[in-house]
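I sat down with this one today and kept notes as I went. Here they are, tidied a little for a fellow modeller.

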There are 2 protein chains.
Amino acid sequence: MSPNDPGERGGRGRAIAGGSGKPTLRTISELTGLAVTTVSRALADAPQIALETRQRVREVAAEIGYLPDRAAQRLRTGRTNVISLVLDPHEEILGYGTSMIRGLTAALRGTPYHLVITPHFSDTPQIDPVRHIVRNRMADGILFSRTEPSDERVRFLLEHDFPFVCHGRTELATPHPYVDYDNYQFTYKAAVSLIAAGCRKLCVILPPPRFTFAQHMRHGFMTAVREEGIAFEIAEGITLDSKSDAIREHVATRLRQADAPDGYICGGEVSAMAVMSAAFDLDLQIGRDVRLVAKQTSGLFDEVRPRVETIYEDLSQAGQEMGTLLLRRMAGTAAVGEMQVIHSA
Amino acid sequence: MSPNDPGERGGRGRAIAGGSGKPTLRTISELTGLAVTTVSRALADAPQIALETRQRVREVAAEIGYLPDRAAQRLRTGRTNVISLVLDPHEEILGYGTSMIRGLTAALRGTPYHLVITPHFSDTPQIDPVRHIVRNRMADGILFSRTEPSDERVRFLLEHDFPFVCHGRTELATPHPYVDYDNYQFTYKAAVSLIAAGCRKLCVILPPPRFTFAQHMRHGFMTAVREEGIAFEIAEGITLDSKSDAIREHVATRLRQADAPDGYICGGEVSAMAVMSAAFDLDLQIGRDVRLVAKQTSGLFDEVRPRVETIYEDLSQAGQEMGTLLLRRMAGTAAVGEMQVIHSA
DNA sequence: ATGCAAATTTATAACGATATAACTCCCAAT
DNA sequence: ATTGGGAGTTATATCGTTATAAATTTGCAT
C-alpha cells in the first residue's frame, strides 16, 4: 500500500496487523474493539471509563504483556521518566557513587523512573550538565552532591523551578530540598572523644573549603576544642580530596615535629588510611602515640588494624532519602523547603 | 483555532510561532524557508542536499542552539541512544561500580549515548533486567559483569542479536564480545611470587564458583603450585563475596591450626583486608609469618601497612574498553567475536 | 523551444502515546 | 414529541523526528 493511497483512511486506519510486532495501544484496541483513546484512558484509570471496560482492557493488556512506549509517552507528555544523577566520575571517594546508587535504585524501585548517570567532567563548569538537562528536558529531576554555600546549580534550578535534591546544604536565603549528614556533630563528637581519650592536640583534615560541609566540619571541630580549651590545628595544604600520598607525606612531616598533633580527625576513609600509614612509617603506634577518628562509609574499617574509632555515615541511606524526597517533590507532595538531615546513630 | 478548523491546513500548517519555545526543526525551517524534511536531511549531512544549503542550515541551527529531541528521534527511529549498565547494587566490591562508570563515561563522551544504570536486584532472576531491556527496547546496547561459563544472559542476547559486551568470559561455543582481565595470570604470578618469597603452603580465596573467572583463578593457582610442587589449599566455605567478618573468622580459624597456610592470594581488597586483620588479631606478622598477594583495584593499598604485594586490575580501563567495544559493535565495525583481554603491567 | 535526466527540494505518512473536543446513547423532564 | 443532561466512548490533532515517494528545478543536448 503506497503511503499516498487515497482510500483506506479514517476508521481503523491501516490494515489490522494481528499480533506480530510488539504490543501497543492499537493492538489492545483491535483485540477489544475499543478505540485507542478509550484504551489509553482505561489504562490510566480515568473515572469516565466504565469500570467493566477498564477491567477488560487491563486483562487484555496483561495477557499480551503490553508496556507503554516510553519514547511516545515522553514525546507527547514532555515527561521523561528519568532522574539524573550528576556525578563527577573522578571523585575517588571509595564507593561513594556505588553506595548512593544503591540507595537510589532502592527508592526508585517500583516507580517508572530510570536512573541516568550524567557525568560532570572536571574540565567543564559545574553548571554545564545541569543546564543541559534542564534546557533539553533530559530528565524530570536532578540529584547532585558536594553542595556549596552559594551553589550556582541550586540557584539555577530554583530559578527554573526544576525539581532537584542535593546532598549537602547551601547558605541561600531561599529554602530548597536537600539531604545532608550532620557533619557538625561528626567532628564535634570526634573531637570530644579524642580529648576524653587523652589527646593534647587535635588536627582535622577538612574537605576543600568551597563545600558547605567543610564549614560544618570546621565548626563542629572548633566548638569542641574551644569548649575543652585544647590545642588544635587544621591541616593546611591538603584536603580530603588530595591524593593519598600527598596526605601521607603531609602528616608524616607534621608528626616528625615537636609540636605534632596526637589526635587526628579524618572526614574520609582514604585520608584516615593515609594518616595511619604515615604513623606506621614513623614507628608511631596508632591508639597510643597517635589517635584517630575516621568517618566510615563502607565496611572497610571493620578490618583495619589496629582498630580505629569510626563514626558511620550511611551514604546508601542518603541516596534513598534523596530519591524519595525527589519523587515527592515531583509529585508535588513535598514542600520546596523540605529536607532531611541524617544523624549518626 | 479549533483542532477541527477546516481551513489553514496543508502548506506551512499552524501559525508561524517565531522563537518562543525550544527550537525544533520547524523553527529552523521557518527561519530558512526550507522544508522541515530538508532541514532534517541537511543536519544529517545527506549528500543529496546541496552543500550550500547544508551549511546554511548548520549555521542557523548553531545560532539558535538547536538540539534534536531525543524522544522524537527515538520514537521515529527505534533507536534509544541509551546504553544500559546492568548492575547489582549490592555488589559490595569497593568502588567496582564507580570505577567502571568512570571508564564508561569517558568512552561515551562525545557520543550521543547516555548511560543508564539498570539495577539487578538479587531477589529476581539475573536474566530479568536483560530481557526487559531487550523486549521493551530500553537501550541500544547492554553491559554487564560477573559472567558465567554458560551465561544465560549471553545466550539470550546472542539469540536476539542484541549488542552487548560483558565483563568476563563464557565457555560457550559461539564467540561473543567481552572484556576480561587475565585472572589466570594473576593467580599464577601471585603464587610464583609467594613461593619465591619462601612460602611453604599457599591458600587462595576464590570468587563464587559459578563465575567463569573463578575457574581462571583456580587454574592459574593450580598450575603454579603443581609446577612448583608445593602444598596448597583452596579456602572452603567462603568466597570473595562473603562478608568480611566471615572471611576474617575463617582465616583466623585456619591460622590457629598447625598446618596453616603461610601464603594467601586474595582476589579482592576486602578479602585481603580480612586476611590481614585475622593475622593481626593472632599476633602474626604480615610479610613474615603470613604473606599475602592481593588484587588491587583502587588506590587503597598504597596506604595499607605493612605493605602488601598487589597486582593491579584497572576497572576503569575495563569500563572504557567495554564502552568502546560496544560502540563499535553497535556501529557494525566490530565482529561478533571481538574481545579484549587486559593483562596487568 | 523541447525533452530528459540529474540534482535538489518537498509533501506525506508514520512512530505510539495523550489532550481536547465532539459524538452517541439512554433516560428523565418539559 | 422535543429538549437536556449525564455517562461512556470516539475522532482528531499533536508532540518532533525521519523514511519514502513525489515534485520541482536545473542543466544540457536536441
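**Entry 1: a bridge in chain A**

I started at a single residue pair: A:Lys295 stands opposite A:Ile311 in β10(A). This is a predicted model, and I kept that in mind for every entry below. Stepping back from the pair, I saw that strand β9 (residues 291–296) of chain A runs parallel to β10(A), with four bridges between them.

**Entry 2: the sheet around it**

Next I looked up the sheet that holds these strands. In chain A, five strands make an open sheet, ordered β7-β6-β8-β9-β10, with parallel pairing. At the edges I found β7 (231–234) and β10 (309–312) of chain A; each has a single partner strand, so one side of each is left without a neighbour in the sheet. Ignoring direction, neighbouring strands here are turned by 15° against each other on average.

Which helices lie across β9(A)? I noted two. Helix α8 (residues 183–196) of chain A lies across β6 (201–205), β8 (263–266), β9 and β10 of chain A, and runs at about 155° to β9(A). Helix α11 (residues 269–281) of chain A lies across β6, β8 and β9 of chain A, at about 160° to β9(A).

**Entry 3: the sheet in chain B**

I then turned to chain B. An open sheet of five strands is there too, with the order β7-β6-β8-β9-β10 and parallel pairing. Its edge strands are β7 (231–234) and β10 (309–312) of chain B, each pairing on one side only. From one strand to the next, the twist averages 15°.

For a closer look I picked one edge. Strand β6 (residues 201–205) of chain B and β7(B) run parallel and are joined by four bridges. Within that pairing, B:Val204 has B:Ile234 in β7(B) as its bridge partner. I also checked α11(B), which packs on the sheet and touches β6, β8 (263–266) and β9 (291–296) of chain B; its direction makes about 160° with that of β9(B).

**Entry 4: one residue, A:Ile83**

I wanted a single site to examine, and chose A:Ile83, which sits in strand β1 (residues 82–87) of chain A. Is A:Ile83 buried or exposed? It has 26 C-beta neighbours inside 10 Å, so I logged A:Ile83 as buried; the cut-off for that label is 20 or more.

Setting aside neighbours within four places in sequence, I listed the contacts of A:Ile83: A:Leu108, A:Tyr113, A:Leu115, A:Ala139, A:Asp140, A:Gly141, A:Leu143 and A:Leu326. I also took one distance: the C-alpha atoms of A:Ile83 and A:Ile195 are separated by 44 Å, with these positions 112 residues apart along the chain.

**Entry 5: where the chains meet**

A:Leu115, from the contact list of A:Ile83, turned up again: A:Leu115 stands opposite B:Ile117 in β2(B). The two strands here are β2 (residues 114–119) of chain A and β2(B), which pair in the antiparallel sense over three bridges.

How many residues of chain B are in contact with chain A? I read off 37 residues of chain B, in contact with 37 residues of chain A. On the chain B side, α4 (70–77), α5, β2 (114–119), α10 (244–255) and α11 (269–281) each supply at least two residues. The most comes from α5(B), with six residues. By class, that side of chain B divides into 18 nonpolar, 11 polar and eight charged residues.

**Entry 6: two helix pairs in chain B**

Since α5(B) had caught my eye, I looked up its packing within chain B. The axes of helix α5 (residues 96–108) and helix α12 (residues 315–331) of chain B come within 7 Å and cross at roughly 40°. That angle makes α5(B) oblique to α12(B). The crossing of α5(B) and α12(B) is right-handed. The residues that meet include B:Met100, B:Leu104 and B:Ala107 in α5(B), and B:Leu315, B:Met322 and B:Leu327 in α12(B). I counted the classes in this contact as 11 nonpolar, eight polar and one charged.

My last stop was helix α2 (residues 36–43) and helix α3 (residues 51–64) of chain B, which pack at an angle of about 90° with their axes 9 Å apart. α2(B) and α3(B) are therefore roughly perpendicular to each other. B:Thr38, B:Val39, B:Ala42 and B:Leu43 in α2(B) meet B:Thr53, B:Arg54, B:Val57 and B:Ala61 in α3(B). The contact of α2(B) with α3(B) has five nonpolar, two polar and one charged residues.

Methods:
Residues are numbered from 1 along each chain as its sequence is written. Chains are lettered from A and ligands numbered from 1 in the order in which they are written. This is a predicted model: local features need pLDDT of at least 70, side-chain atom pairs count only at pLDDT 80 or more; totals for chains, interfaces and linings use all residues. Axes are lines fitted to C-alpha atoms, for helices over the stretch in contact, and angles run from 0 to 180 degrees between N-to-C directions. Angles under 35 degrees count as roughly parallel, over 145 as roughly antiparallel, 65 to 115 as roughly perpendicular and the rest as oblique. A crossing is left-handed if the near helix is turned anticlockwise from the far one by less than a right angle, and right-handed if clockwise. Two residues are in contact if their C-beta atoms, placed from the backbone, lie within 7 Å. Ala, Val, Leu, Ile, Met, Phe, Trp, Tyr, Cys and Pro count as nonpolar, Asp, Glu, Lys and Arg as charged, and the others, Gly among them, as polar. Two strands pair if DSSP finds at least two bridges between them. A residue is buried if 20 or more other C-beta atoms lie within 10 Å of its own, exposed if 12 or fewer, and partly exposed in between; C-beta atoms are placed from the backbone.
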